[in-house]
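Visitor: Please take me through one part of this model at close range. I would like the sheet, strand by strand, and then whatever surrounds it.

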Amino acid sequence: MKTKTLILLLLCILLGSCAKEPALSEKPLFELGGERWERTELDKLIFNEFTKPYNIEIKYKWNPYEVNHNRTLVPPVENQIYPVLTALKEVWMKPYEKAGGSEFLRRFPLTKFVLVGSPEFESDGSEIIGRAEGGTKIVLYNVNDFLIDNIGSLEDMFRTIHHEYAHILHQNIHYPEEWRGISTEHYTPTWYNTNSETANSQGLVTPYAKASEAEDFVETIAYLLIEGQGSYNWVAEYYEEVTHIFRLKESLIVKYFKDAFNIDFRELQREVQDAIWRLAYN
């Protein structure tokens with residue numbers, strides 16, 4: 001009996017080893033240590049229009065290691081990504097390429113956008129809707145509430161992007177030394193206790209401009225680009241006692257862009273304004 005059992009076992013092994021194995025599937029396997037999702041049309045668009053030509057990484061799939069783990073944040077809704085990317089090209093990328101040349105964004109790169117669905121709030125109650133990190137990365141919050149055909153929504157998002165990109169520019173080429181001392185007496189870590197009227201009366205475009213010298217510089221750039229020259233002129237002329245401060249800051253920014261990057265700031269300003277109005281009212 002033992003002999004017959006052994007023979008049968010050997011036959012089973014031999015027959016099993018000779019059996020024809022099924023052909024391996026040519027479809028990529030996921031969740032096996034490599035990619036965790038198949039590339040969608042959106043992923044292909046990001047690669048072809050952002051990553052390949054500019055080395056810009058757009059991260060919209062949730063990664064908790066890219067954001068503040070001490071805050072409760074939510075992922076972006078996927079159907080919000082394409083409108084954000086469309087506006088990104090129109091209101092940030094194209095204006096800089098038109099004013100600074102087709103290679104400008106490659107010379108002064110911003111290499112990563114991390115998109116987050118909700119805003120982040122500081123312990124003091126202030127809202128963060130964008131953050132620059134390491135001179136090349138922007139975390140962009142509140143994507144789920146973005147509306148591409150709403151001027152307020154466009155201004156909120158791109159005030160943040162132009163503010164943060166201006167940080168990246170001055171980290172490459174420092175802002176003018178003449179900026180130092182203009183508004184130093186008004187800078188404070190408790191800027192959030194100041195309202196807009198008080199900030200304007202001190203020669204600053206927003207309360208957040210009171211946070212530091214660098215924040216004042218980039219806030220003024222973002223204000224001129226997003227709110228536009230008409231709004232800036234109104235503030236500068238309304239607060240007559242500090243009109244000269246607003247005009248000095250404006251002239252230093254125009255000179256900085258020309259000397260540092262050979263960019264006509266007025267052209268850049270027009271391109272940004274035109275893009276916002278085209279998207280909002282098309």
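**The sheet and its surroundings**

Guide: Start at a single pairing: Ile 58 stands opposite Phe 113 of strand 2. Keep in mind that this is a predicted model.

A second bridge lies alongside. Glu 57 has Lys 112, in strand 2, as its bridge partner. In total, three bridges link strand 1 and strand 2, and the pairing is parallel.

Now cross to the next strand. Strand 2 and strand 6 also run parallel, joined by four bridges. One of the pairs here is Leu 115 with Leu 140 of strand 6. The C-alpha atoms of Leu 115 and Leu 140 are 5.1 Å apart, although 25 residues separate the two in sequence.

Step back to the whole sheet. It is open, has four strands in the order 1-2-6-5, and its pairing is mixed. Strand 1 (57-59) and strand 5 are the edge strands; each has a single partner, so one side of each has no neighbour in the sheet. From one strand to the next, the twist averages 15 degrees.

Strand 2 deserves a slower look. Its side chains point two ways: Lys 112 and Val 114 to one side, Phe 113 and Leu 115 to the other. All four are buried, the two on each side alike.

Take Leu 115 by itself. Leu 115 sits in strand 2, which covers residues 112-115. Its relative accessible area is 3%, so Leu 115 counts as buried, the cut-off being under 20%. What does Leu 115 touch, beyond residues up to four places away in sequence? The contacts are Ile 58, Lys 59, Tyr 60, Pro 76, Ile 81, Val 84, Leu 140 and Val 143. Leu 140 in that list is also the bridge partner of Leu 115.

Next, the helices against the sheet. Helix 3 (residues 81-100) lies across strand 1, strand 2 and strand 6 (137-140). Its direction is at about 140 degrees to strand 2. Helix 5 packs on the sheet as well, touching strand 2, strand 5 and strand 6. The direction of helix 5 makes about 160 degrees with that of strand 6.

Between strand 6 and helix 5 there is a loop, and Asn 142 is in it. Asn 142 has a positive phi, about 65 degrees, and is not a glycine. Most residues other than glycine have a negative phi. Elsewhere in the chain, Asn 262 is another non-glycine residue with a positive phi, near 55 degrees. Asn 262 belongs to the loop between helix 9 (243-261) and helix 10 (265-281). Its relative accessibility is 53%, so Asn 262 counts as exposed.

Now the empty space. One cavity of 30 Å³ or more is counted. The largest cavity has a volume of about 40 Å³. Two residues of strand 2, Val 114 and Leu 115, help to line the largest cavity. The other lining residues are Lys 59, Tyr 60, Lys 61, Trp 62, Asn 63, Glu 66 and Val 67. By class, this lining has five nonpolar, one polar and three charged residues.

The largest pocket brings helix 5 and strand 5 back into view. The pocket holds about 770 Å³ of space. Its lining has 31 residues, and those closest to the centre are Glu 127, Ile 128, Ile 129, Gly 130 and Thr 160. Which elements each supply at least two residues of this lining? They are strand 4 (127-128), strand 5 (130-133), helix 5 (151-172) and helix 7 (213-226). Helix 5 has the largest share, with eight residues. The lining of the pocket divides into eleven nonpolar, nine polar and eleven charged residues. Thus strand 5, an edge strand of the sheet, also lines the largest pocket.

Last, the chain around this part. The chain has ten helices and six strands. Of its 282 residues, 45% are buried. Among contacts between residues at least 6 apart in sequence, 68% join residues at least 24 apart. The contact of Leu 115 with Leu 140 is one such case, the two being 25 residues apart in sequence.

How values were computed:
Residues numbered from 1 in each chain as written. Predicted model: local features only at pLDDT ≥ 70, side-chain atom pairs only at ≥ 80, totals over all residues. Heavy atoms only, no water. 1 Å grid on protein atoms, 1.4 Å probe; cavity = no way out; pocket = protein on both sides within 12 Å on 5 of 7 lines; lining within 4 Å. Points joined across faces, edges and corners; volume = space filled by probe spheres on them. Nonpolar A, V, L, I, M, F, W, Y, C, P; charged D, E, K, R; others polar. Buried < 20%, exposed > 50% of the residue type's maximum accessible area, 1.4 Å probe, protein only. Contact = heavy atoms within 4.5 Å. Pairing = 2+ DSSP bridges. Axes fitted to C-alpha atoms, helices over the stretch in contact; angles between N-to-C directions.
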